[in-house]
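User: Hi! I've just opened this model and would like a quick tour. Could you walk me through it?

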Amino acid sequence: MIRILLAEDMVILRRALSMILQLESDITVVAEVGSGDEIVAAAQRSNPDVAVIDVDLPGIDGITAAAALHEKLPDCAVLILTVMARPGTLQRAMAAHVSGFVLKDSAPSQLADAIRAVSAGKRVIDPDLAVTALSRANPLTPRETDVLRIAAEGATVAGIAARLSLSPGTVGNYLTSATMKLNARSRVDAIRIAEQNGWL
């Protein structure tokens, strides 16, 4: 029997997923949570084989929670559910040791098969998502990404410089290069493009 932790903030969808998965003879849902902050503690209590996690959760997001879960319970495979195929999100997920990535509009049988596959140690990535990820790689350097991510929080150049131990001039250079690489009209536009692609 494959033991599942289900993390989804929309209660109706979480309950529906739970009911659908419980219909499978070899799958049982042992824990349900509604935020990223609850995942690790719930997994430590219930010891699931697979955590099925929505990418956009309140508290900490699904990928950050997946990385924390891997650190605490490395034997628990993680399957991420998402609505949109964003290439940067897939890249972050792979870096967080996620085993599978499935779109939410997949058929219930596909989700069950993906759970079985990651439980068996395999990787499962939605084909459309893989094509999107391969067609548009992140052009930003890690430092440009850090600077844009902090700028997206509303920080000033001086604030970004202080947080990253850089000079304001260097931060300005990173913001300019990121804006140019993304063919953006402004810093705000660069943040929007990076967020849409899942690069922040």
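**A tour of the fold**

Analyst: Happy to! Buried residues make up 46% of the 200 residues in the protein, where buried means under 20% relative accessible area, exposed over 50% and partly exposed in between, with a 1.4 Å probe and protein chains only. This is a predicted model, so local features need pLDDT of at least 70 and side-chain atom pairs count only at pLDDT 80 or more, while totals for chains, interfaces and linings use all residues. Residues are numbered from 1 along each chain as its sequence is written, and side-chain values use heavy atoms, with hydrogens and water left out.

User: Thanks! How many helices and strands are in the protein?

Analyst: The protein has 10 helices and six strands. Both are DSSP runs numbered from the N terminus: helices are H or I with at least four residues, strands are E with at least two.

User: What order do the strands take in the sheet?

Analyst: The six strands form an open sheet in the order β2-β1-β3-β4-β5-β6, with parallel pairing. The edge strands are β2 (27-33) and β6 (124-125), each of which pairs on one side only. Two strands count as paired if DSSP finds at least two bridges between them.

User: Let's zoom in on β4. Why is it described as largely enclosed?

Analyst: Six of the six residues of β4 (residues 77-82) are buried, so the strand is largely enclosed by the rest of the structure. A77, L79 and L81 point one way, while V78, I80 and T82 point the other way. In general, side chains in a regular strand alternate between the two faces of the sheet.

User: Which strands does β4 pair with?

Analyst: On one side there is β3 (residues 50-54), joined to β4 in parallel by five bridges. β4 also pairs with β5 (residues 100-103), again in the parallel sense, over four bridges. I80 is a handy landmark here: its bridge partner in β3 is I53, and its partner in β5 is F101. Elsewhere along the β3 pairing, V52 stands opposite L79 in β4.

User: Nice. What kind of unit do β3 and β4 make with helix α3?

Analyst: β3, α3 (residues 62-72) and β4 make a right-handed β-α-β unit. Right-handed means that, with the strands pointing away from the viewer, the path from the first strand over the helix to the second runs clockwise.

User: And β3 itself, is that buried or exposed?

Analyst: Buried: five of the five residues of β3 are, so this strand is largely enclosed by the rest of the structure. V50, V52 and D54 point one way, and A51 and I53 the other. β3 also pairs with β1 (residues 2-7), in the parallel sense over four bridges, and A51 is the bridge partner of L5 there.

User: How about the other end of the sheet, where β5 meets β6?

Analyst: Two bridges join β5 to β6, and the two strands run parallel. G100 stands opposite V124 in β6.

User: Back to T82. What is T82 in contact with?

Analyst: Leaving aside neighbours within four places in sequence, T82 is in contact with V55, F101, V102, L103 and K104. Contact here means heavy atoms within 4.5 Å. T82 counts as buried because its relative accessible area is 2%.

User: Switching topic: what does helix α10 pack against?

Analyst: The buried residues of α10 pack against α7 (142-152) and α9 (168-181). Those buried residues of α10 (residues 187-196) are D189, A190, I191, I193 and A194. After α10 comes G198, with a positive phi near 75°.

User: Which residues other than glycine have a positive phi?

Analyst: Two to look at are H97, with phi near 65°, and N183, with phi near 55°. H97 lies in the loop between α4 (87-95) and β5, and counts as partly exposed because its relative accessibility is 46%. N183 is in the loop between α9 and α10, and counts as exposed because its relative accessibility is 69%.

User: Last one: what box do the C-alpha atoms fill?

Analyst: Roughly 60 × 35 × 30 Å, taken along the principal axes. As for contacts, residues 24 or more positions apart account for 65% of those with a separation of 6 or more.
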